[in-house]
Amino acid sequence: MKKLAQNLKPIQAPKILRIWIWIQVWVHVLCGVCTLSFIFPFLNRVNQDRKIQKWSKQLLNIFNIELVVQGAHLLESTPHLIASNHISWLDIHVINAFKPIRFVAKSEVEAWPIFGWMAKQLGTVFIRRDSTRHARQVVGQMAEVLKTESICIFPEGTSTAGATVLPFKPNLFESAIAANVRAFPLAIQYLSKASGLRSESTAFIGDMGLLESMSNTIQNRSLIAQITILSPCPSSQGADIDRKQVAAYCQESIAKAL
(Lines give C-alpha, C1' and ligand atoms only; values in the text may rest on other atoms or scores of the structure.)
Protein backbone atom coordinates (compact mmCIF):
# COMPACT_ATOMS: atom_id res chain seq x y z
CA MET A 1 0.00 0.00 0.00
CA LYS A 2 2.90 2.37 0.74
CA LYS A 3 4.27 1.80 -2.74
CA LEU A 4 0.86 2.40 -4.27
CA ALA A 5 0.46 5.63 -2.30
CA GLN A 6 3.78 6.86 -3.63
CA ASN A 7 2.99 5.96 -7.24
CA LEU A 8 -0.46 7.55 -7.40
CA LYS A 9 0.05 11.07 -8.73
CA PRO A 10 -2.57 13.71 -7.87
CA ILE A 11 -4.39 15.49 -10.65
CA GLN A 12 -2.88 18.95 -10.99
CA ALA A 13 -5.05 22.02 -10.58
CA PRO A 14 -5.37 24.19 -13.72
CA LYS A 15 -2.75 26.92 -14.05
CA ILE A 16 -5.21 29.79 -13.66
CA LEU A 17 -6.52 28.19 -10.44
CA ARG A 18 -2.97 27.78 -9.09
CA ILE A 19 -2.28 31.47 -9.74
CA TRP A 20 -5.48 32.43 -7.94
CA ILE A 21 -4.52 30.24 -4.96
CA TRP A 22 -1.07 31.86 -4.78
CA ILE A 23 -2.74 35.27 -4.65
CA GLN A 24 -5.03 34.10 -1.84
CA VAL A 25 -2.09 32.65 0.10
CA TRP A 26 -0.05 35.85 0.02
CA VAL A 27 -3.04 38.06 0.83
CA HIS A 28 -3.78 35.76 3.77
CA VAL A 29 -0.16 35.91 4.91
CA LEU A 30 -0.20 39.71 4.66
CA CYS A 31 -3.35 39.82 6.77
CA GLY A 32 -1.59 37.61 9.31
CA VAL A 33 1.40 39.94 9.44
CA CYS A 34 -0.90 42.93 10.03
CA THR A 35 -2.75 41.07 12.78
CA LEU A 36 0.49 40.13 14.53
CA SER A 37 1.85 43.67 14.22
CA PHE A 38 -1.15 45.79 15.15
CA ILE A 39 -3.74 43.62 16.95
CA PHE A 40 -1.90 40.87 18.83
CA PRO A 41 -0.13 43.18 21.32
CA PHE A 42 -3.52 44.29 22.67
CA LEU A 43 -5.09 40.83 23.06
CA ASN A 44 -4.97 38.42 25.97
CA ARG A 45 -3.79 34.84 25.41
CA VAL A 46 -7.29 33.43 24.91
CA ASN A 47 -8.14 35.91 22.16
CA GLN A 48 -4.71 35.46 20.59
CA ASP A 49 -5.35 31.71 20.37
CA ARG A 50 -8.71 32.38 18.71
CA LYS A 51 -7.00 34.51 16.07
CA ILE A 52 -4.34 31.85 15.52
CA GLN A 53 -6.91 29.09 15.14
CA LYS A 54 -9.07 31.13 12.76
CA TRP A 55 -6.07 32.10 10.60
CA SER A 56 -4.84 28.50 10.45
CA LYS A 57 -8.27 27.16 9.51
CA GLN A 58 -8.54 29.74 6.73
CA LEU A 59 -5.10 28.74 5.42
CA LEU A 60 -6.20 25.10 5.20
CA ASN A 61 -9.35 26.22 3.39
CA ILE A 62 -7.28 28.10 0.82
CA PHE A 63 -5.32 24.90 0.12
CA ASN A 64 -8.61 22.94 0.19
CA ILE A 65 -7.28 20.69 2.96
CA GLU A 66 -9.87 18.98 5.15
CA LEU A 67 -8.94 18.63 8.83
CA VAL A 68 -9.85 15.38 10.61
CA VAL A 69 -9.10 14.97 14.34
CA GLN A 70 -9.22 11.71 16.27
CA GLY A 71 -8.74 11.24 20.02
CA ALA A 72 -9.22 14.92 20.93
CA HIS A 73 -10.97 13.87 24.16
CA LEU A 74 -7.71 12.43 25.49
CA LEU A 75 -6.03 15.82 25.86
CA GLU A 76 -6.09 17.45 29.29
CA SER A 77 -6.95 21.05 30.03
CA THR A 78 -3.81 21.38 32.12
CA PRO A 79 -0.43 22.12 30.43
CA HIS A 80 1.14 19.16 28.63
CA LEU A 81 3.79 18.24 26.09
CA ILE A 82 2.78 17.01 22.64
CA ALA A 83 5.28 15.02 20.57
CA SER A 84 4.43 14.76 16.87
CA ASN A 85 5.96 13.20 13.80
CA HIS A 86 7.01 15.81 11.23
CA ILE A 87 6.14 15.86 7.52
CA SER A 88 5.59 19.41 6.35
CA TRP A 89 5.76 23.13 7.13
CA LEU A 90 1.96 22.75 7.21
CA ASP A 91 2.12 20.60 10.35
CA ILE A 92 2.18 23.65 12.63
CA HIS A 93 -0.85 25.19 10.96
CA VAL A 94 -2.76 21.90 10.97
CA ILE A 95 -2.19 21.49 14.70
CA ASN A 96 -3.02 25.16 15.36
CA ALA A 97 -6.25 24.77 13.38
CA PHE A 98 -7.19 22.06 15.89
CA LYS A 99 -5.81 23.67 19.03
CA PRO A 100 -3.32 26.58 19.18
CA ILE A 101 -0.13 25.68 21.04
CA ARG A 102 3.47 26.84 21.49
CA PHE A 103 6.04 25.08 19.28
CA VAL A 104 9.72 24.24 19.35
CA ALA A 105 11.26 24.47 15.86
CA LYS A 106 14.69 24.16 14.29
CA SER A 107 16.63 27.43 14.10
CA GLU A 108 16.49 27.43 10.28
CA VAL A 109 12.76 28.20 10.45
CA GLU A 110 13.52 31.57 12.04
CA ALA A 111 15.32 32.60 8.82
CA TRP A 112 12.35 31.82 6.56
CA PRO A 113 10.96 34.94 4.82
CA ILE A 114 7.82 36.20 6.58
CA PHE A 115 6.89 32.77 8.00
CA GLY A 116 9.96 32.76 10.26
CA TRP A 117 9.06 36.20 11.60
CA MET A 118 5.47 35.09 12.15
CA ALA A 119 6.62 31.98 14.03
CA LYS A 120 8.76 34.13 16.29
CA GLN A 121 5.84 36.46 17.07
CA LEU A 122 3.73 33.44 18.00
CA GLY A 123 6.20 32.48 20.72
CA THR A 124 8.00 29.65 18.93
CA VAL A 125 11.15 28.46 20.71
CA PHE A 126 13.99 27.91 18.21
CA ILE A 127 16.66 25.30 18.78
CA ARG A 128 20.04 24.76 17.11
CA ARG A 129 20.19 21.08 16.22
CA ASP A 130 24.01 20.98 16.27
CA SER A 131 24.39 22.41 19.78
CA THR A 132 23.91 20.20 22.85
CA ARG A 133 24.50 23.17 25.13
CA HIS A 134 21.78 25.17 23.42
CA ALA A 135 19.43 22.19 23.67
CA ARG A 136 19.91 22.14 27.44
CA GLN A 137 19.06 25.85 27.61
CA VAL A 138 15.92 25.27 25.54
CA VAL A 139 14.85 22.46 27.87
CA GLY A 140 15.02 24.92 30.76
CA GLN A 141 12.93 27.45 28.83
CA MET A 142 10.40 24.78 27.91
CA ALA A 143 10.04 23.58 31.50
CA GLU A 144 9.26 27.14 32.55
CA VAL A 145 6.65 27.58 29.79
CA LEU A 146 5.07 24.20 30.63
CA LYS A 147 4.10 25.55 34.03
CA THR A 148 1.35 27.59 32.36
CA GLU A 149 1.14 26.58 28.65
CA SER A 150 1.33 23.46 26.53
CA ILE A 151 4.14 22.90 24.00
CA CYS A 152 4.44 20.80 20.84
CA ILE A 153 7.75 19.33 19.65
CA PHE A 154 8.89 17.43 16.55
CA PRO A 155 11.49 15.11 18.11
CA GLU A 156 12.55 13.42 14.86
CA GLY A 157 14.70 16.52 14.32
CA THR A 158 13.77 16.67 10.62
CA SER A 159 10.79 16.08 8.34
CA THR A 160 10.00 12.88 6.44
CA ALA A 161 7.67 11.79 3.65
CA GLY A 162 5.37 10.34 6.32
CA ALA A 163 5.76 6.63 5.56
CA THR A 164 7.88 5.96 8.64
CA VAL A 165 8.83 7.61 11.93
CA LEU A 166 12.47 8.35 12.61
CA PRO A 167 13.93 7.69 16.09
CA PHE A 168 12.85 10.41 18.52
CA LYS A 169 15.63 12.46 20.07
CA PRO A 170 15.03 12.29 23.83
CA ASN A 171 16.59 15.60 24.98
CA LEU A 172 13.48 17.80 24.80
CA PHE A 173 11.38 15.25 26.70
CA GLU A 174 13.37 16.21 29.78
CA SER A 175 11.24 19.38 29.95
CA ALA A 176 8.08 17.36 30.62
CA ILE A 177 9.82 15.50 33.43
CA ALA A 178 11.17 18.75 34.93
CA ALA A 179 7.75 20.41 34.75
CA ASN A 180 5.94 17.24 35.91
CA VAL A 181 3.50 17.23 32.97
CA ARG A 182 2.28 14.40 30.75
CA ALA A 183 3.58 13.71 27.25
CA PHE A 184 1.02 12.96 24.52
CA PRO A 185 1.98 11.40 21.17
CA LEU A 186 0.34 12.98 18.12
CA ALA A 187 0.32 11.25 14.73
CA ILE A 188 -0.11 13.44 11.67
CA GLN A 189 -0.91 12.15 8.18
CA TYR A 190 -1.78 13.69 4.82
CA LEU A 191 -4.17 11.56 2.80
CA SER A 192 -5.74 11.70 -0.64
CA LYS A 193 -9.49 12.33 -0.49
CA ALA A 194 -9.93 10.25 -3.64
CA SER A 195 -8.06 7.11 -2.55
CA GLY A 196 -7.70 7.46 1.21
CA LEU A 197 -4.01 6.59 0.81
CA ARG A 198 -1.01 8.53 2.06
CA SER A 199 -0.08 11.53 -0.09
CA GLU A 200 3.39 13.04 -0.38
CA SER A 201 2.13 16.30 -1.87
CA THR A 202 2.81 18.20 1.36
CA ALA A 203 6.17 16.59 2.15
CA PHE A 204 8.94 19.09 2.92
CA ILE A 205 12.08 17.00 2.66
CA GLY A 206 15.69 17.00 1.44
CA ASP A 207 16.84 20.19 -0.27
CA MET A 208 13.28 21.26 -1.09
CA GLY A 209 12.60 24.97 -0.57
CA LEU A 210 9.54 26.38 1.16
CA LEU A 211 8.05 27.84 -2.04
CA GLU A 212 8.56 24.55 -3.89
CA SER A 213 6.77 22.67 -1.15
CA MET A 214 3.92 25.20 -1.16
CA SER A 215 3.65 24.81 -4.93
CA ASN A 216 3.39 21.02 -4.62
CA THR A 217 0.59 21.44 -2.10
CA ILE A 218 -1.27 23.93 -4.29
CA GLN A 219 -1.18 21.51 -7.24
CA ASN A 220 -3.09 18.90 -5.23
CA ARG A 221 -6.59 20.13 -4.39
CA SER A 222 -7.82 16.95 -2.72
CA LEU A 223 -6.12 16.40 0.64
CA ILE A 224 -7.05 15.40 4.16
CA ALA A 225 -4.88 16.38 7.11
CA GLN A 226 -5.53 13.81 9.82
CA ILE A 227 -4.18 14.17 13.34
CA THR A 228 -4.62 11.47 15.96
CA ILE A 229 -4.10 12.15 19.66
CA LEU A 230 -2.83 9.02 21.40
CA SER A 231 -2.79 7.96 25.04
CA PRO A 232 -0.16 9.76 27.12
CA CYS A 233 2.96 8.06 28.33
CA PRO A 234 1.96 6.03 31.40
CA SER A 235 3.81 6.75 34.62
CA SER A 236 3.54 5.60 38.21
CA GLN A 237 3.41 8.16 41.00
CA GLY A 238 6.76 8.37 42.71
CA ALA A 239 8.53 6.31 40.06
CA ASP A 240 11.57 7.62 38.24
CA ILE A 241 10.82 8.58 34.64
CA ASP A 242 13.52 8.30 32.03
CA ARG A 243 13.32 10.71 29.07
CA LYS A 244 14.51 7.97 26.71
CA GLN A 245 11.61 5.78 27.77
CA VAL A 246 9.14 8.63 27.23
CA ALA A 247 10.63 9.35 23.78
CA ALA A 248 10.52 5.66 22.82
CA TYR A 249 6.90 5.33 23.97
CA CYS A 250 5.79 8.34 21.91
CA GLN A 251 7.71 7.17 18.84
CA GLU A 252 6.31 3.63 18.99
CA SER A 253 2.75 4.87 19.59
CA ILE A 254 2.90 7.12 16.51
CA ALA A 255 4.52 4.41 14.37
CA LYS A 256 1.67 2.03 15.24
CA ALA A 257 -0.96 4.69 14.49
CA LEU A 258 0.52 5.33 11.05
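These are my notebook entries on the largest pocket and on one pair of packed helices.

**Entry 1: the pocket**

I began by reminding myself that this is a predicted model, and then I looked up the largest pocket, which holds about 960 Å³ of space. I found that 49 residues line the largest pocket, and that the closest to its centre are Ile 92, Phe 103, Ala 105, Val 109 and Thr 124.

**Entry 2: what the lining is made of**

Next I asked myself which elements give two or more residues to the lining of the largest pocket. I noted helix 2 (15-38), helix 3 (45-62), helix 4 (91-98), strand 3 (102-106), helix 5 (115-121) and helix 6 (132-145). Helix 3 supplies the largest share of this lining, with seven residues. When I sorted the lining of the largest pocket by residue class, I wrote down 24 nonpolar, 17 polar and eight charged residues.

**Entry 3: helix 2 against helix 8**

I then turned to helix 2 and helix 8 (residues 210-219), which pack with their axes 10 Å apart and at an angle of about 125°. I recorded helix 2 as oblique to helix 8 because the angle lies between the ranges for roughly perpendicular, 65 to 115 degrees, and roughly antiparallel, over 145. I also noted that the crossing of helix 2 and helix 8 is right-handed.

**Entry 4: the residues that meet**

Finally I looked up which residues meet where helix 2 and helix 8 are in contact. From helix 2 I listed Arg 18, Ile 21, Trp 22, Val 25 and Trp 26, and from helix 8 I listed Leu 211, Met 214, Ser 215, Ile 218 and Gln 219. By class, I entered this contact as seven nonpolar, two polar and one charged residues.

Conventions:
Residues are numbered from 1 along each chain as its sequence is written. This is a predicted model: local features need pLDDT of at least 70, side-chain atom pairs count only at pLDDT 80 or more; totals for chains, interfaces and linings use all residues. Side-chain values use heavy atoms; hydrogens and water are left out. On a 1 Å grid over the protein atoms alone, a cavity is a set of points where a 1.4 Å probe fits but cannot get out, and a pocket is an open set with protein on both sides within 12 Å along at least five of seven lines; lining residues have an atom within 4 Å of a point. Grid points are joined across faces, edges and corners, and a volume is the space filled by probe spheres set on the points. Helices (H or I, at least four residues) and strands (E, at least two) are DSSP runs, numbered from the N terminus. Ala, Val, Leu, Ile, Met, Phe, Trp, Tyr, Cys and Pro count as nonpolar, Asp, Glu, Lys and Arg as charged, and the others, Gly among them, as polar. Axes are lines fitted to C-alpha atoms, for helices over the stretch in contact, and angles run from 0 to 180 degrees between N-to-C directions. Angles under 35 degrees count as roughly parallel, over 145 as roughly antiparallel, 65 to 115 as roughly perpendicular and the rest as oblique. A crossing is left-handed if the near helix is turned anticlockwise from the far one by less than a right angle, and right-handed if clockwise. Contact means heavy atoms within 4.5 Å.
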